[in-house]
Amino acid sequence: MIVKRPSTTILWIAALGWALCFTGCGESKPATTIAAGPPPANAGNAKAAAESKPVPPKPAAEEFLTFSGPLIVEHQVDVSAQRDGVIANLTADVNSRVKAGDELARLDDRQLSANLEAARAKTRSVENDLKNWEAETKMLEADYSRAQRLHEEGIWSEEQLQHARYAAEADEWETRRTQELLASSKNDERALELEMEKARIAAPFDGIVARRYVRAGQGVAKGDRLFWVTEEGPLRIRFTLPERFIGHVREGEELPLLSMDAPNEKHAVRVIEISPVVDPASGTIEILAELQGPKGQLRPGMSANIRIPNPQ
């Protein structure tokens with residue numbers, strides 16, 4: 001009987017298997033079994049609380065709201081040329097304080113002056129003609145009265161009486177024509193006087209010259225800006241409020257005013273005008289208030305803030 005020996009490969013595989021088996025048995029640990037108890041009664045509430053986030057508290061409403069606007073004055077205009085001309089003389093400059101009617105500049109008016117003198121001479125001539133016609137009219141009226149008496153006495157004929165009457169009437173119409181010529185001549189004279197006044201650039205109100213746009217010898221056209229004249233007071237502020245402030249701000253009410261350009265000064269304004277309508281585009285109303293007391297460092301054009309109680 002022939003006995004077959006196992007091959008070397010089979011022996012190596014068997015030895016490796018036994019070695020792995022002993023290694024696993026030596027390092028294994030007993031498994032621990034934990035019994036699952038029943039879920040807690042408030043497990044659902046705890047889960048819901050964990051998933052929900054805390055709601056932040058609403059911020060407290062501000063007690064006062066701030067609105068801003070520019071400081072303005074009632075009168076502030078650009079003084080423009082009312083006729084073409086050349087600047088012949090500058091009387092005022094920037095920072096010049098002026099009264100209403102003070103001359104700021106003058107245009108070259110030599111031609112206007114000559115035309116005005118000619119118009120005045122014509123007016124005097126027509127006035128003399130009128131006096132002559134008036135005197136002649138009186139003379140012819142006297143002749144007509146004498147002709148009537150002579151006609152009544154039978155000395156003058158009817159034709160002579162009519163001739164005297166027509167002469168008096170013709171002279172009267174000449175007197176009226178000369179009166180109309182005199183009126184026309186005076187109107188021409190007045191028109192030239194107005195042109196002379198336009199050549200004199202005058203301040204429209206009391207204030208200060210803030211800007212000068214022209215220089216001496218410069219030609220200007222009708223409508224060109226020459227000066228910017230502005231009042232210095234009283235200062236006012238115009239600002240807008242949301243429509244929910246209707247009824248919460250009243251005319252005569254005083255409000256505090258602050259300006260970043262004058263942080264150390266405190267001022268108050270009095271409401272003098274409230275717009276009667278709401279702007280449909282912005283949903284706001286317009287307020288106009290006037291500064292009370294000294295203006296300090298405040299100037300027209302500065303920005304200022306108004307504090308108003310927040311309507312709850």
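In what sense, and over how many bridges, do strand 11 and strand 12 pair? In this predicted model, the pairing of strand 11 with strand 12 is antiparallel and extends over five bridges. Within this pairing, L257 is placed opposite H267 of strand 12. The two strands belong to a closed barrel of six strands, in the order 1-10-13-12-11-14, with antiparallel pairing. From one strand to the next, the twist averages 40°.

Strand 14 takes part in two of the pairings computed for this barrel. With strand 1 it runs antiparallel, and seven bridges join the two. Here T66 has R307 of strand 14 as its bridge partner. With strand 11, strand 14 pairs over two bridges, again in the antiparallel sense. In that pairing, L258 stands opposite N305 of strand 14.

The side chains of strand 14 were then assigned to faces. In a regular strand, side chains alternate between the two faces of the sheet. Strand 14 shows such an alternation: A304, I306 and I308 point to one face and are buried. S303, N305, R307 and P309 point to the other face and are not buried. Two residues named in the pairings above, R307 and N305, thus belong to the face whose side chains are not buried.

The packing of nonpolar side chains was examined next. The largest nonpolar core has 24 residues, and the members that touch the most others are I237, F239, L241 and I308. Two or more residues are contributed by each of strand 1 (64–72), strand 10 (236–242), strand 11 (254–259), strand 12 (262–274), strand 13 (284–292) and strand 14 (303–309). Strand 13 gives the largest share, four residues. The strands named here are also those of the closed barrel, 1-10-13-12-11-14. For L241, the contacts beyond four places in sequence are F67, V249, G283, T284, I285, I287 and I308. I308 is thus a contact of L241 as well as one of the buried residues of strand 14. A second core, separate from the one just described, has 23 residues, among them L107, A119, I201 and V229.

Charged side chains were considered separately. Side chains of opposite charge can pair when their charged atoms come close. The model contains 21 salt bridges. One of them joins R120 to E117, with an N to O distance of 3.3 Å. Both residues lie in helix 3 (residues 110–152), three residues apart, or about one turn of the helix. R120 has a relative accessible area of 27% and is partly exposed, and E117, at 40%, is also partly exposed.

R120 forms a further salt bridge with E189, at 3.6 Å from N to O. This pair links distant parts of the chain, since E189 lies in helix 4 (residues 158–199) and R120 in helix 3, 69 residues apart. Unlike its partner R120, which is partly exposed, E189 is buried because its relative accessible area of 15% falls under the 20% limit. Through shared partners, salt bridges join E117, R120, E189, R190, E193 and E197 into one network.

Another salt bridge connects R106 and E103, whose closest N and O atoms are 3.0 Å apart. R106 is partly exposed, at 25% relative accessibility. The side chain of R106 also makes a polar contact of 3.3 Å with that of D109. D109 is located in the loop between strand 5 (103–107) and helix 3. With a relative accessibility of 15%, D109 counts as buried. Beyond four places in sequence, D109 touches M196 and A199.

A further loop residue, V94, was also examined. V94 occupies the loop between strand 3 (85–90) and strand 4 (97–98). It is partly exposed, with a relative accessibility of 37%. When residues up to four places away in sequence are not counted, V94 touches V209, A210, R211 and R212. For V94 and V209, which are 115 residues apart along the chain, the C-alpha atoms are separated by 5.1 Å.

Note on methods: Residues numbered from 1 in each chain as written. Predicted model: local features only at pLDDT ≥ 70, side-chain atom pairs only at ≥ 80, totals over all residues. Heavy atoms only, no water. Core = buried A, V, L, I, M, F, W, Y, C linked by side-chain atoms within 4.5 Å. Buried < 20%, exposed > 50% of the residue type's maximum accessible area, 1.4 Å probe, protein only. Contact = heavy atoms within 4.5 Å. Salt bridge = Lys/Arg side-chain N within 4 Å of Asp/Glu carboxyl O. Pairing = 2+ DSSP bridges. Axes fitted to C-alpha atoms, helices over the stretch in contact; angles between N-to-C directions. Polar contact = N/O pair within 3.5 Å; in protein donor to acceptor, adjacent residues only side chain to side chain.
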